[in-house]
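Please open the model in your viewer and keep the selection panel at hand. The tour moves from one selection to the next and says at each stop what is to be found there.

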Amino acid sequence: MMMSSSDPITPRVITFLSSLLQRVAESNDTDRSEPQRVSVFDGLTRPAISVQSYLERIFRYANCSPSCYVVAYIYLDRFARRHPSLPINSYNVHRLLITSVLVAAKFMDDVCYNNAYYAKVGGISTAEMNFLEVDFLFGLSFQLNMTPDTFNSYSAFLQREMLCIDKPPKLTTKTQYCMLLLEDDYESNNNNINGNHLHQNQTQLAV
């Protein structure tokens, strides 16, 4: 299957999400206060391509709807919360991204490319893509559904991520700025989105 050579305008969600994940990965690279185990998503070395360039490549060739990236973001947050010993870092963020977008596209879009195509986009083999998808689904306990309020809360947080791009803060366990919004926190507080609903006690996608 031939990839399109068109270069569409990158939506803001790509910029915001890549900025957030890049900082999260770099922060978790340096924080070794908690044990981190190796998973099937970890590479032997850090990929040379940046998170932003990798996500832009996925957007350029996958042709999935922008909402898929919000859903992929939700899945990544769920995965990280379910597996605190597997924090997102520079060794696994790329494989987690391509896998989460693949799963989100299959869940959200009526038409999407197959695993072989996504493998080519992501620079991995089809066999590895298949394996990563299964591992990711089991890691989520196949919990792919979400409420409209959950989707809207994560979308709103990604919009606020714009504030972090020009002056990214130092992420620590005590300073939680531009962290991921937990859907259960959001839905348990009268659907009111504000900074008090950010997770304060555990390392999720940011520390």
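What follows begins with the whole chain and then turns to single elements and residues.

**The whole chain**

Begin with everything displayed as a cartoon, and bear in mind throughout that this is a predicted model. The protein chain has nine helices and zero strands, so that, read from the N terminus, its elements run α-α-α-α-α-α-α-α-α. Colouring by burial is a useful next step, since 49% of the 207 residues in the chain count as buried. If you switch on a surface, the protein chain exposes about 10100 Å², and carbon and sulfur atoms supply 52% of that area. For the contacts between residues at least 6 apart in sequence, 82% join residues at least 24 apart.

**Helix 4**

Now select residues 93–108, which form helix 4. With 16 residues at 1.5 Å a residue, this helix should span 22 Å, and the separation of its end C-alpha atoms, 22 Å, agrees with that expectation. Is helix 4 enclosed by the rest of the structure or open? Of its 16 residues 12 are buried, and it is therefore largely enclosed by the rest of the structure. To see the buried side chains, show V93, H94, L96, L97, I98, T99, S100, V101, L102, V103, A104 and A105. Then add the elements against which these buried residues pack, namely helix 1 (12–30), helix 2 (51–62), helix 3 (67–82), helix 5 (115–122) and helix 6 (126–139).

**Salt bridges**

The next stops concern charged side chains. Side chains of opposite charge can pair when their charged atoms come close. The count for this structure comes to four salt bridges, and three of them can be visited in turn.

Select R81 and D77 to start with, whose side chains meet in a salt bridge at 3.8 Å, N to O. Both residues belong to helix 3, where they lie four residues apart, about one turn of the helix. Their surroundings are worth inspecting separately, for R81 counts as partly exposed at 23% relative accessibility, whereas D77, at 0%, counts as buried.

Move on to E128 and R95, where the salt bridge has an N to O distance of 2.7 Å. Because E128 lies in helix 6 and R95 in helix 4, this pair ties together parts that are 33 residues apart in sequence. E128 is partly exposed, with a relative accessible area of 24%, and R95 likewise counts as partly exposed, at 21%.

Then select E133 and K106, whose side chains meet in a salt bridge of 2.8 Å, N to O. This pair, too, links distant parts of the chain, with E133 in helix 6 and K106 in helix 4, 27 residues apart. Here E133 is buried, with a relative accessible area of 12%, while K106 is partly exposed, with 38%.

**Back to E128**

Keep E128 of helix 6 on display and add V40 to the selection. How far apart are E128 and V40 in sequence and in space? They are separated by 88 residues in sequence, yet their C-alpha atoms are 9.1 Å apart in space.

**A nonpolar patch**

Next, return to the surface and select V134, F138 and F142, which make a nonpolar surface patch of about 320 Å². Of these residues, V134 has its place in helix 6, and at 43% relative accessibility V134 counts as partly exposed.

**The cysteines**

Finish with the cysteine sulfur atoms. How many disulfides does the structure hold? The number is zero, and two selections show the distances involved. For C68, the closest cysteine sulfur is that of C64, at 4.3 Å, which is too far for a bond; the cut-off for a disulfide is 2.5 Å. C68 itself is buried, with a relative accessible area of 0%. For C112, the closest cysteine sulfur belongs to C68 and is 8.2 Å away, again too far for a bond. C112 is partly exposed, with a relative accessible area of 34%.

Notes: Residues are numbered from 1 along each chain as its sequence is written. This is a predicted model: local features need pLDDT of at least 70, side-chain atom pairs count only at pLDDT 80 or more; totals for chains, interfaces and linings use all residues. Side-chain values use heavy atoms; hydrogens and water are left out. Helices (H or I, at least four residues) and strands (E, at least two) are DSSP runs, numbered from the N terminus. The expected span of a helix is 1.5 Å times one less than its number of residues. Buried means under 20% relative accessible area, exposed over 50%, partly exposed in between (1.4 Å probe, protein chains only). Contact means heavy atoms within 4.5 Å. Patches are made of residues with over 30% relative accessible area and no salt bridge: like charges are joined within 9 Å, nonpolar side chains (Val, Leu, Ile, Met, Phe, Trp, Tyr) within 5 Å. Accessible areas come from the Shrake-Rupley method with a 1.4 Å probe; for residues, only the protein chains shown count as cover.
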